[in-house]
Amino acid sequence: MANWNVQQVTNWGCAYFAASSTTNPVKATGGAASNTSFTVAQAQFIDTKDKFTGAYSDVSSKILSLSVTGQTLRAVVQFKSTGNTARECKSVALLSDNNVIAILSSNDVIFTIPASSTSVVGVSVDFDIVFTNAGQATVDVSTANTAMQSD
């Protein structure tokens, strides 16, 4: 099975987290899926969905859950096809409105979003962003039907 070889909080995402507070909390609104692979350097500088190359326009997303525990932010994003074509995904992005918080990418297809005519509801992707005391963040992920070690 392929793995996400790029797990990157974007520069925009880092600034967004740094500016967050109890009165200005982090808000994740959805995600985007693409069949384009990104390097760490490319992912770091993608700040808007428009720059997330190859994002499918016929794939919808919604946040199934968003929580913060200690120094870990966890978002579960569900992707569903709104068209009659299955979509292969090499990259996904966590969004706050039209801005990209984090990107997961692989050179290989990680999963396929089934066509809307199938009985499958959607594919869920977990983003676990862990902040360290050194001012860094790491992103751990799992795909549909799997569990994180933290679970």
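**Figure 1. Gln-78 and its surroundings in strand E4.** We start with a close-up of Gln-78, which sits in strand E4 of a predicted model. With a relative accessible area of 10%, Gln-78 falls under the 20% cut-off and so counts as buried. What does Gln-78 touch, once neighbours within four places in sequence are set aside? One set of contacts is Ser-60, Ser-61, Lys-62 and Leu-64, and the others are Val-121, Gly-122, Val-123 and Ser-124.

**Figure 2. The overall layout, for orientation.** Before zooming in again, here is the whole chain. The protein has two helices and 10 strands, and reading from the N terminus the order is β-α-β-α-β-β-β-β-β-β-β-β. Of its 151 residues, 40% count as buried. If you take the contacts with a separation of 6 or more, 65% of them come from residues 24 or more positions apart. The accessible surface is about 7,700 Å², and carbon and sulfur atoms hold 48% of that.

**Figure 3. The largest nonpolar core.** This view goes inside, to a core of 25 residues. Ala-33, Phe-79, Val-92, Leu-94, Phe-111, Phe-127 and Ile-129 have the most contacts within it. Which elements supply at least two residues each? They are helix H1 (11–19) and the strands E4 (72–81), E6 (91–96), E7 (99–105), E8 (111–113) and E9 (123–131). A second core of 10 residues lies apart from this one, and its members include Phe-38, Ala-43, Phe-52 and Leu-95. As background, nonpolar side chains in soluble globular proteins tend to be buried together.

**Figure 4. Leu-94 and its contacts.** Leu-94 is one of the residues with the most contacts inside the largest core, so to speak of its wider company, here is the list beyond four places in sequence. Leu-94 touches Ala-28, Gly-30, Ile-63, Ala-75 and Val-77, along with Asn-99, Val-100, Ile-101 and Ala-102, and also Phe-127 and Ile-129.

**Figure 5. Strand E2, covered on both sides.** Strand E2 spans residues 30–34, and five of its five residues are buried. Gly-30, Ala-32 and Ser-34 point one way, while Gly-31 and Ala-33 point the other. That fits the usual pattern, since side chains in a regular strand alternate between the two faces of the sheet. Strand E2 runs antiparallel to E6, with five bridges joining the two. If you want one pair to look for, take Ala-32, whose bridge partner in E6 is Ala-93.

**Figure 6. Salt bridges in close-up.** The structure holds five salt bridges, and a few of them get a view here. Side chains of opposite charge can pair when their charged atoms come close.

- Asp-47 and Lys-51 meet with N and O 3.2 Å apart. Asp-47 is partly exposed at 25% relative accessibility, and Lys-51 is partly exposed at 48%.
- Asp-58 pairs with Arg-87, with the closest N and O atoms 2.9 Å apart. The two are 29 residues apart: Asp-58 is in the loop between helix H2 (40–44) and strand E3 (59–69), and Arg-87 is in strand E5 (residues 87–89). Is Asp-58 buried or exposed? Asp-58 counts as buried, at 16% relative accessibility, whereas Arg-87 is partly exposed at 23%.
- Arg-74 pairs with Asp-126, with the closest N and O atoms 2.5 Å apart. Arg-74 lies in strand E4 and Asp-126 in strand E9, so this salt bridge ties together parts that are 52 residues apart in sequence. Salt bridges with shared partners also bring in Asp-128, giving one network of Arg-74, Asp-126 and Asp-128. Asp-126 itself is buried, with a relative accessible area of 7%.

**Figure 7. Cys-14 and Cys-89, in a structure with zero disulfides.** How many disulfides does the structure hold? The count is zero. Cys-14 is partly exposed, with a relative accessible area of 42%. Cys-89, by contrast, is buried at 0%.

**Figure 8. Asp-97 and its positive phi.** The last close-up shows Asp-97, in the loop between E6 and E7. Its phi is positive, about 55 degrees, even though Asp-97 is not a glycine. Most residues other than glycine have a negative phi. At 46% relative accessibility, Asp-97 counts as partly exposed.

Technical notes
Residues are numbered from 1 along each chain as its sequence is written. This is a predicted model: local features need pLDDT of at least 70, side-chain atom pairs count only at pLDDT 80 or more; totals for chains, interfaces and linings use all residues. Side-chain values use heavy atoms; hydrogens and water are left out. A nonpolar core is a set of buried Ala, Val, Leu, Ile, Met, Phe, Trp, Tyr and Cys residues joined through side-chain atoms within 4.5 Å. Buried means under 20% relative accessible area, exposed over 50%, partly exposed in between (1.4 Å probe, protein chains only). Helices (H or I, at least four residues) and strands (E, at least two) are DSSP runs, numbered from the N terminus. Contact means heavy atoms within 4.5 Å. Two strands pair if DSSP finds at least two bridges between them. Accessible areas come from the Shrake-Rupley method with a 1.4 Å probe; for residues, only the protein chains shown count as cover. A salt bridge is a side-chain nitrogen of Lys or Arg within 4 Å of a carboxyl oxygen of Asp or Glu. A disulfide is a pair of cysteine sulfur atoms within 2.5 Å.
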